[in-house]
Amino acid sequence: MERVHGKWIKEMENFTLRKSGIEAFGDIPWGTHFCQFYETKEDLIDILVPYFAAGLGNNEFCIWVTSQPLDTEEAWVALKEAVPDLEQYVEKGQIEILPYTDWYLLGGKFDSDRVLHLWGEKEKRALAQGFEGLRASGNTIWLERSFWKSFVDYEAKINELIGEHRMIALCTYSLAKCTSNDVVEVIRNHQSTLVRKGKSWFPVGKLREAERLATIGETAALVGHDLRNPLQAIVGSLYLVKRSLNSIFSPENLKQKYSLEELLQTIEKQVDYMNKIVSDLEDYARPPIPQLVETSLSQLINDTLSAITVPEKVKVSIEIEQGFPRLMVDPLMMRRVLANLVTNALQAMPEGGRLTIRASKNEDAALISVEDTGAGIPEENLCKMFQPLFTTKSKGQGLGLPACKQLVEAHGGSIKFESKVGRGSTFTVKIPLKRANNLEK
Ligand SMILES: Nc1ncnc2c1ncn2[C@@H]1O[C@H](COP(=O)(O)OP(=O)(O)OP(=O)(O)O)[C@@H](O)[C@H]1O
Ligand SMILES: [Mg+2]
């Protein structure tokens, strides 16, 4: 046990929690958005230097957007003191320190959509370059009153979106420039706020959502990891038992053999289900790395459907657009995505209906949708679909869709859905088209 848990803790450190570098926070998960109220240049150095030093040590891509009273040059000098081998990180392209004019005010004015887009692009690039995510900080002292309202909206949007990204953001606000109203707005738009009392920094407000997600991640990694080995042992033993059945039974006691085979089939089905749970837990806990292979979608669909029992009351149609290309995907991962979506669709049609799997492409992406004519999704649940552990089923885990999202995003893709209560739902996976341009056979 000791050994297994030691390994688990290491896995958790690698995959779920990140060292914040800030004593008051300790380890934090991706998706943390917090802020600091500062008074002096030293306050900024106090927090931002260890924050970025930890990010560099964590193999994260770091962007530090500076403003007075700590300009870009001073930031480099302060960081260099804490990170003697800073040059190596610079050579690797792991850190950028730039003034606010080159980030928030590109083009001369603040445009929240453009800045949000820029963060997203930086995160994508960071991941593509093999960094584990993006660690950012921006100073807001340049904010004129005229930009304040749109900046507050921008912060609210970041707060809403960041949970879905491998991004950590620390915004710094000059206490001297904020009215008491501003302070309230800033606190409200961040998961936690750092304030200084004497020489020490204290967090105001807990990283509640972040903590919740981290706990789920920890549980997921623990359960997933610890169940994987015994499950594999069961699968292996089942195979051996099935093989030896033939040699044990003679033609006289065939009936017993058949009933034993039936029992084994039941065990196998349940083990398959447990395997799904373990894989979902593992995928949720750590971002998967796809092994891209040129893959035929119709083959994928056939493999997926052959492993699922489709009730007779459900009619299945598969509509793959002519000229649909072979995909560069990880076939096992995509099978898991399809299996989760198809299973959800079937579970939404207990009285039967139609399951349609469609595939088409546009200029740069393949679109694969799984459509059902089932119950649909009530409005109040729409925003919870990809939340881990959200389920409306007595036997559900609520991990199918979060795992699908992880798997699809690991391919650089995205997943969306549309639904009408009483009419049905359509989940559409978008996978960017790369290299593989051969046509589907
Ligand atoms: N096609 C669908 N039609 C209607 N509701 C759906 C559909 N797909 C998902 N849902 C809703 O979303 C919830 C979350 O789905 P998700 O696949 O993540 O978990 P689950 O199916 O409940 O459990 P499991 O972990 O076994 O997949 C479901 O419980 C269900 O309420
Ligand atoms: Mg499901």
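This passage describes the sheet, the helices packed on it and the surroundings of ligand 1 in a predicted model.

The model contains an open sheet of seven strands, in which the pairing is mixed. Strands of a sheet pair through backbone hydrogen bonds, either parallel or antiparallel. Read across the sheet, the strand order is 5-4-6-7-3-8-9. Strand 5 (95-99) and strand 9 (200-204) form the edges, each pairing on one side only. On average, and with direction ignored, neighbouring strands of the sheet are turned by 20 degrees against each other. At one edge, strand 9 runs antiparallel to strand 8 (residues 192-197), and five bridges join the two. Among the residues paired here is Lys-197, whose bridge partner in strand 9 is Ser-200.

Two helices can be described in relation to this sheet. Helix 5 (residues 112-128) packs on the sheet and touches strand 4, strand 6 and strand 7. The direction of helix 5 makes about 150 degrees with that of strand 6. Helix 2 lies across strand 3 (33-38), strand 4 (61-66), strand 5, strand 6 (134-139), strand 7 (167-174), strand 8 and strand 9. With respect to strand 4, helix 2 runs at about 160 degrees.

Helix 2 (residues 41-57) also meets helix 3 (residues 72-82), the axes of the two coming within 9 Å. These axes cross at roughly 60 degrees. Angles from 65 to 115 degrees count as roughly perpendicular and those under 35 as roughly parallel, and helix 2 and helix 3 are therefore oblique to each other. The crossing of the two helices is right-handed. On the side of helix 2, the contact is made by Ile-45, Val-49, Pro-50, Phe-52 and Ala-53, which meet Ala-78, Leu-79 and Ala-82 in helix 3. By class, the residues of this contact comprise eight nonpolar, no polar and no charged.

Ligand 1 is surrounded by 21 residues. Of these, Ala-348, Thr-391, Gly-396, Gln-397 and Gly-400 come nearest to the ligand. Helix 11 (331-347) and helix 12 (400-410) are the elements that give two or more residues to the shell. The largest contribution is that of helix 11, with three residues. In composition, the shell around ligand 1 has ten polar, eight nonpolar and three charged residues.

Note on methods:
Residues are numbered from 1 along each chain as its sequence is written. Chains are lettered from A and ligands numbered from 1 in the order in which they are written. This is a predicted model: local features need pLDDT of at least 70, side-chain atom pairs count only at pLDDT 80 or more; totals for chains, interfaces and linings use all residues. Axes are lines fitted to C-alpha atoms, for helices over the stretch in contact, and angles run from 0 to 180 degrees between N-to-C directions. Helices (H or I, at least four residues) and strands (E, at least two) are DSSP runs, numbered from the N terminus. Angles under 35 degrees count as roughly parallel, over 145 as roughly antiparallel, 65 to 115 as roughly perpendicular and the rest as oblique. A crossing is left-handed if the near helix is turned anticlockwise from the far one by less than a right angle, and right-handed if clockwise. Two residues are in contact if their C-beta atoms, placed from the backbone, lie within 7 Å. Ala, Val, Leu, Ile, Met, Phe, Trp, Tyr, Cys and Pro count as nonpolar, Asp, Glu, Lys and Arg as charged, and the others, Gly among them, as polar. Two strands pair if DSSP finds at least two bridges between them. A residue is near a molecule or strand if its C-beta atom, placed from the backbone, lies within 6 Å of it.
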